[in-house]
Amino acid sequence: MTITKAESRVVRFDSPDLIDMGSKEPRRSEFVILELETDEGIRGIGLTFFGGPLNRVQKETIDALAAMIIGEDPMHVEALSSKLLRATGAGPGGMVMLAVSAIDIALWDIKG
């Protein structure tokens, strides 16, 4: 089995303010959702968020990293996550780690 396609999108929805439960105004929330597809038709879904206007940059980060694993075997979750982290040279935390986390979740979804 190999990964054949990666597609991400920013999803917006109104939700109650989770901090101030007394608020009557909805709060707009955004997440970046990633779908990885395999040559066997299995899809994995992962998600993450960074917040506000940087969600667009988070999406682009996910797209760039997910492109690096097209053609790879999704069953090698740990190896693929390590490959992505090594390729970026990023330390723990931050936007890169959130992007790799979304990919990692999608890979585990496929494996499951």
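These legends walk through a few views of a predicted protein model.

**View 1. The whole fold, strands before helices.** The protein has three helices and three strands (DSSP runs, numbered from the N terminus: H or I of at least four residues for helices, E of at least two for strands). Going along the sequence, the order is β-β-β-α-α-α. Of the 112 residues, 30% are buried, meaning under 20% relative accessible area with a 1.4 Å probe, protein chains only. Take contacts (heavy atoms within 4.5 Å) between residues at least 6 apart in sequence: 62% of them join residues at least 24 apart.

**View 2. Helix H1, residues 55–67.** H1 has 13 residues and spans 18 Å from first C-alpha to last, close to the expected 18 Å (1.5 Å times one less than the number of residues). Its buried residues are Asn 55, Gln 58, Thr 61, Ile 62, Leu 65 and Ala 66. They share one side of H1 because they cover an arc of only 125° around the axis, going by the directions from the axis to the C-beta atoms. Flip to the other side and you meet Glu 60 and Ala 67, both exposed (over 50% relative accessible area).

**View 3. Confidence in strands E2 and E3.** The mean pLDDT, the predictor's confidence in each residue from 0 to 100, is lowest in E2 (residues 26–38) at 86 and highest in E3 (residues 43–48) at 96. The protein averages 88, and 88% of the residues score at least 70.

**Notes on reading the views.** Residues are numbered from 1 along each chain as its sequence is written. Local features need pLDDT of at least 70, side-chain atom pairs count only at 80 or more, totals for chains, interfaces and linings use all residues, and side-chain values use heavy atoms, leaving out hydrogens and water.
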